[in-house]
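Student: I am new to this structure. Please take one part of chain B and give me a close look.

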Amino acid sequence: MNELKALLEEMYPNIDFDKEKNLYDDGIIDSVHVVTIIARIEEAFDIAVTMEYIQPSYFQSVDTMWEMVEELM
Amino acid sequence: MSYQSFTFLLFSAVVVFLYYVLPRKFQKYVLLTANVFFYVCGGIKYIPFLAATLISSFFTGKSISRIYEKEKLLLSECSVPSDKKQVRAECKLKAKKKLTVSFVVIIGLLAVCKYTGFMLENITGLFRIQFPENFSMIVPLGISFYTFMAISYVLDIYWKRYPAENSFFSYALFLTYFPHIVQGPIGRYNRFKGQLVPEGIAFDAVRVSQGAQLLLWGLFKKLVIADRLNIFVSDIYAHHGEYKGVILALATVLYSVQIYADFSGCIDIVSGVSEALGIKLDRNFNHPYFSKTIPEFWRRWHISLGEWFKDYIYYPVSVSKMVKKVKKNSTNQRFAELFSACLPIFVVWMITGIWHGASWNYVVWGLYYAAIMIVSVIFEPTGVKLKTRLGINDELYSWKLFQMTRTFVICCIGRVFFRADGLKAALIILKNMFTGIQMENIASDDLFTHGLDYKNFVFALVSIAVLWLVDILQERMSIRQELQRQGIVFRWLVLFAGIFAVIVFGIYGPGYDASSFIYEQF
């Protein structure tokens, strides 16, 4: 999970990923960010994010994104 | 039966009455009967089209769900990962075949009904082929809306977001639900179903009265504001060749207010009726003209359509094989990221334009927003740097006001394509708007010769101020909840003032025929 957190912090240095638990619902990230995050995650973890996972619930925090990565690995 | 008509009010009152008076186990039957009655009133000839979409999406959902159940069973029997992979691939292929057949029916009906005329018109122009004159297709009531709801249902099942509905009755209730079938909001089945509790919905006087308040506010927006502004806007746009400068700009600004009052007014009316029935429709507007950027505007205007495009077009295109291939083969990471962000935006806006209507106006309107969105994505980092260098504070009210005005102006330019009668007319209006001033058209009594006399014009402006004030208040609190906390005398006074305003100041036209809602045609 630390690898994912480091990747996100590198992409968005202004977001506090320890604190934010509702990234999508609070409007901190939007659909364009989601697409960019998916691209980076797919590259970093060598996975293919399928449509089942492209839902707000998987993009609310580092924890939920990691849950998705784990399921896809 | 138009949503702003007296017939609809009477119909809604009867439905709400029967819904709560009859035993709760009959509520679903009351609703389905109301749905069928409402749709038949719109035109019995539309029924086969709606039925085809309903049946196709329901049975496709069921068969895809069955495939996934079988997949689960087969996977539990597999121990080798390669076997599991094969089972998944086989099941996905079977589900995809079902989905494709269903889409041919659902999207095919929409395409044939809505776009045949447009295609024939263009083929005639291009190849000089003659088609029979007076050729026109049936465009079933609400086809753009119920088709999108059916697509979302089938795709959600295909993507395993929720299992298919077993009861045809419950699904039919959703797809034909009379408050959202004609103009949306484009509902999602999982959210709708969650509200239909098996034990039925109990009568709640507060909820019913709050629904009535919302309905009344919607009627005010539609009949007092939108229909009044429509008189002026229609006159100017019908004679656009005769004007230049400010009066065209004024008509366009007023059209922006008109379409907001019209569409959000309709949504308030249907949301009010639905709230009285204990079913909350998805939110469709969130004070869009307070948006600071165009992407924010589209997150606050026609929200259910924007969400639909995001979930069913934007994301699938973003993770499509083609986009992935370009990203993989590109040596420039920035280019690859921009391509993957911009291509889906372009596709979404092309389809959004075409969805709104079979006309080149809407295609250009879609391209206009695609260009703005793509430019905002490409220059986002430059914008951030520029803001930091200029020391602009995002929290400053003057900066926010500038951003809101800029967004509104961009929207107004887009509205010209939306409102003008043809692409040529839109281009003439834009050219004339920026190639002259003609202040005398608005600085003299001439202003009051376009259908709205002095009193009506002033009243329209006062009504817009009320709308603006209510929007500002709604940004900070729930007006209806606040009203609920007030004394009964005050509450009734407000209610009577609303009814009075709608009856006395509403525009009913000759012979009581209020103009139809703008979004009804889509």
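Tutor: Let us start with one residue. Phe169(B) is exposed, because just 11 other C-beta atoms lie within 10 Å, and the cut-off for exposed is 12 or fewer. Keep in mind that this is a predicted model. Phe169(B) sits in helix α6 of chain B, which covers residues 168-175. What is Phe169(B) in contact with, leaving aside its neighbours within four places in sequence? The partners are Lys28(B) and Leu32(B). Now look far along the chain. Thr449(B) is 280 residues away from Phe169(B) in sequence. In space, 54 Å separate the C-alpha atoms of Phe169(B) and Thr449(B).

Next, step back to the domains. Chain B is divided into three parts: domain 1 spans 6-200, domain 2 joins 203-281 with 437-522, and domain 3 spans 292-419. Over C-alpha atoms, the centre of domain 1 of chain B is 32 Å from the centre of domain 2 of chain B. These two domains do touch. Domain 1 of chain B brings 12 residues to the contact, and domain 2 of chain B brings 16 residues. Which helix gives the most to the domain 1 side? Helix α1 of chain B, residues 6-21, does, with 4 residues. By class, that side of domain 1 of chain B has 6 nonpolar residues, 6 polar residues and no charged residues.

Chain B also meets chain A. There, 14 residues come from chain B and 11 residues come from chain A. On the chain B side, the elements that give two or more residues are α11 (303-318) and α13 (333-356) of chain B. The most comes from α11(B), with 5 residues. By class, the side of chain B that touches chain A has 7 nonpolar, 2 polar and 5 charged residues.

Last, check the confidence. The mean pLDDT of chain B is 88, and 96% of the residues score at least 70. In chain B, confidence is highest in helix α5 (residues 143-158), at a mean of 95. It is lowest in helix α12 of chain B (residues 321-329), at a mean of 82. Where pLDDT is low, the predicted coordinates should not be read in detail. For the whole model, ipTM is 0.86 and pTM is 0.87.

How values were computed. Residues numbered from 1 in each chain as written. Chains lettered and ligands numbered in written order. Predicted model: local features only at pLDDT ≥ 70, side-chain atom pairs only at ≥ 80, totals over all residues. Domains from an automatic or database assignment. Contact = placed C-beta atoms within 7 Å. Nonpolar A, V, L, I, M, F, W, Y, C, P; charged D, E, K, R; others polar. Buried ≥ 20, exposed ≤ 12 C-beta atoms within 10 Å, placed from the backbone. pLDDT = per-residue confidence, 0-100.
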